[in-house]
There are 2 protein chains.
Amino acid sequence: MASEGVKLGLIGLGTVGTGVVQLLTQNGDTIARKLGRPLALTRVASRSVHAKPHPPLENAQLSSDPWSVVHDPDIDLVVELIGGIEPARSLTLEALRRGKDVVTANKALLAQHGAEIFAAAEAHGAHIGFEASVAGGIPIIRTLREGLAGDRNRALFGIVNGTCNYILTTMSEHAEEFATVLARAQAQGLAEADPSFDIDGIDAAHKLTLLAMLAFGVRVSFESVYVEGIRHVSQTDILFAREFGYGIKLLAIAKEEDDTLEVRVHPTMIPRSSLLAGVGDAYNAIFVQGEALGSSLYFGRGAGSLPTATAVVADMIDTARQRGTIRGSGVPPLGMPWHELRAIRLRPIDEITSEYYLRFMALDRPGVLARIAGILGDHDISIASVIQRGRSEGDETVPLVLRTHAAKERNLKAALCLVDELPIVQGKSVSIRIEENLG
Amino acid sequence: MASEGVKLGLIGLGTVGTGVVQLLTQNGDTIARKLGRPLALTRVASRSVHAKPHPPLENAQLSSDPWSVVHDPDIDLVVELIGGIEPARSLTLEALRRGKDVVTANKALLAQHGAEIFAAAEAHGAHIGFEASVAGGIPIIRTLREGLAGDRNRALFGIVNGTCNYILTTMSEHAEEFATVLARAQAQGLAEADPSFDIDGIDAAHKLTLLAMLAFGVRVSFESVYVEGIRHVSQTDILFAREFGYGIKLLAIAKEEDDTLEVRVHPTMIPRSSLLAGVGDAYNAIFVQGEALGSSLYFGRGAGSLPTATAVVADMIDTARQRGTIRGSGVPPLGMPWHELRAIRLRPIDEITSEYYLRFMALDRPGVLARIAGILGDHDISIASVIQRGRSEGDETVPLVLRTHAAKERNLKAALCLVDELPIVQGKSVSIRIEENLG
């Protein structure tokens, strides 16, 4: 076995990059025992390399130019940790073209330009590791690609955005409204100054794009993922959900059925007794239903400097190991060559079937429930249970809360449209999808 | 890439073997897409191959002689699913000696003869996959070996015996005693006719031996694992545990501290709010604490035909993939070459520190608590809380239940020895270790 080290070039010294340097320093000896040779951090590029104090980078050449890493013929493995689309995309493609392996945490890039990047890796016999791009330190990419490779997956449900999970957990535990919790999370650095990427579900949809491709061996475009964020989740609905025995989580969901796939991200009511409901704070978890395996769940820290860095370093070790082998003989990044991924029909949200939680603000008059139930019934939606609260007089409204049996989303939308026009109902009705089978 | 299939020889057509054949049949096409060539089941050996109906084995040669598989020069990969030490050990060693790869679910063999078998694999440049040997379909071997390879683990807590977890869950949920639940589990085929291997903790200790080597990169001998089974867990203690906020699980525990390792299997009280406490029925789960990653958890089915078969097939795919590469360049079975595993001092049970649940059956007289607390205090054991129940007269005893702060096991044993001799105490005291930090 070659005793020469594997030469790493690191691009980006932010939160994760700093963690990677720390882990390489602390665990360098153990890594060399595992690999038979050391991982040698040879080049580091960071915009702020001269501006801010950086961790010990004894033998690395520092630069503010990321291209200096990609252009260096000595570098074996480029670690891209700057995020965003450009210049990350160009840097990654050029590194692969030069036959360098790449390790990245960039979910946005892979979700939006995966076809281009995975194809480039394959064409040039280079490896690309992206464990850190989904669910931080949870080895879910490996698990789907290799651990569950003998099974056929049926469905996947993920809590994959820590910020949203922190906000929803706090709203639920401290009975505070969304805006209050978000503001405090921002003040504490737990949410970004511009939080829309997280709370509008975009980040979760990026991750779901990758998870769905891996779990089902199909091509999924980011654009086809249905996305709904958590801005509209209110304390009222959290409390009613609890009365029905549910909690509210932002779930990334993928289900294969009748040779079609549905991929969606939205606030979801799930049984409080399910393991996913117990995933609090900023933790992540992915629940997988396999045909042969049945239920399995993977839980851990989905973000943060050191947790995410563990995934980056694990990928470095794997990639370095595969470098010693015949090119192209390793594990393909998505578990099979790109051309083997099936094209599958992605079911639009209107075509899904789900149970629903519904809340209407209605006048407290006789016949209101009958009227609404009638419209729902006309649309093939049957009611599983009802909570009718309060007594009011005159024009004050009270919440009327329903849980439906499985119904078609298209029918639900049509029905809610009619209900919302009733003079006895005030404002827009609230609907939240329910997922029951998570145990 | 070679288009010729990888030739499999399967030894053992029991529960798991049958599941493997089923999966290879159902998912053969997908597996070939992943691998670039098919997995071809070429030989099958089973004691009962002529006696009982077997699953469709279209192109395989059947035999009742396991050596026919190992001796066939065409076989690339031997799948050993007969369990037990002999002839499994000889078959495995001979297969490796002939340069064949091996996939096995045999935890007893690897826990007791791992040194010999892993060394043989290394010496002959053969791969050995054993994902199915621990926690059935949960890919915990891969996770520890590769997914968490960048981190340094601190502790591991596993529910790794489904039979014990089923019995303890049922005892807890239906308020039944151990013997009742065990008898029913045996009648339903959920426990073996001779259940001692499971309920006395031997099976869990086998698995812990392997998990500890992987998680900490050290050598662990099965003999050094402390083992205590669940026969003595009583309904009384389950109920008191609940009052303290705990559940009782059979945990496999490994902790590294001060360059020593403790490895132990015993009934353990854990907070009911912890994820592990929510792992019911025959499910398995492994909770890992890493220095950088923090907490992570892996949950799923730990036994059963198809769940375990998914792990076997995943190993076949991995092994077949690595076969195309330069010999010896793959992932070593324990994550690093055998000689790189550290020798570490394994701390005997007397040297551990733990919190304890204690129950004494004591006469209901003034001064009893003071007397017992005094003895505990003399041994550096301080009391965290007390439940004193009942009122009795005369010579009837009532339970006196304590929860201690962290104390040394050696001190506890000495103290209990003295307490048990007190005339005010009847019978032997009960002590159950508590693990608090599982979140």
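This report looks at how chains A and B sit together in a predicted model, and at one buried helix of chain A.

## Symmetry of the pair

Start with how the two chains relate. Turn chain A by 180°, with 0.0 Å of shift along the rotation axis, and it superposes on chain B with an RMSD of 0.0 Å. That is the relation of a two-fold axis. In chain A, Y298(A) has the C-alpha nearest the axis, 2.4 Å from it.

## Where the chains meet

The contact involves 48 residues of chain A and 48 residues of chain B. On the chain A side, α1 (15–35), α5, β12 and α11 (305–323) each put in at least two residues. The biggest giver is α11(A), with nine residues. Sort the chain A side by type and you get 20 nonpolar, 18 polar and 10 charged residues.

The copies meet through the same surface, because 100% of the interface residues of chain A are also interface residues in chain B.

Strands join across the boundary too: β12(A) pairs with β12 (residues 294–301) of chain B in the antiparallel sense, over four bridges. Within that pairing, F299(A) has L297(B) as its bridge partner.

## A helix tucked away

Now for helix α5 (residues 140–147) of chain A: eight of its eight residues are buried, so the helix is largely enclosed by the rest of the structure. Among those buried residues are R142(A), R145(A) and E146(A), along with I140(A), I141(A) and L144(A).

What do the buried residues of α5(A) pack against? From chain A, they pack against α9 (202–216), β11 (283–290) and β12 (294–301). From chain B, α5 (140–147) and α11 (305–323) join in.

Notes: Residues numbered from 1 in each chain as written. Chains lettered and ligands numbered in written order. Predicted model: local features only at pLDDT ≥ 70, side-chain atom pairs only at ≥ 80, totals over all residues. Buried ≥ 20, exposed ≤ 12 C-beta atoms within 10 Å, placed from the backbone. Contact = placed C-beta atoms within 7 Å. Least-squares fit on C-alpha atoms with pLDDT ≥ 70 in both. Nonpolar A, V, L, I, M, F, W, Y, C, P; charged D, E, K, R; others polar. Pairing = 2+ DSSP bridges.
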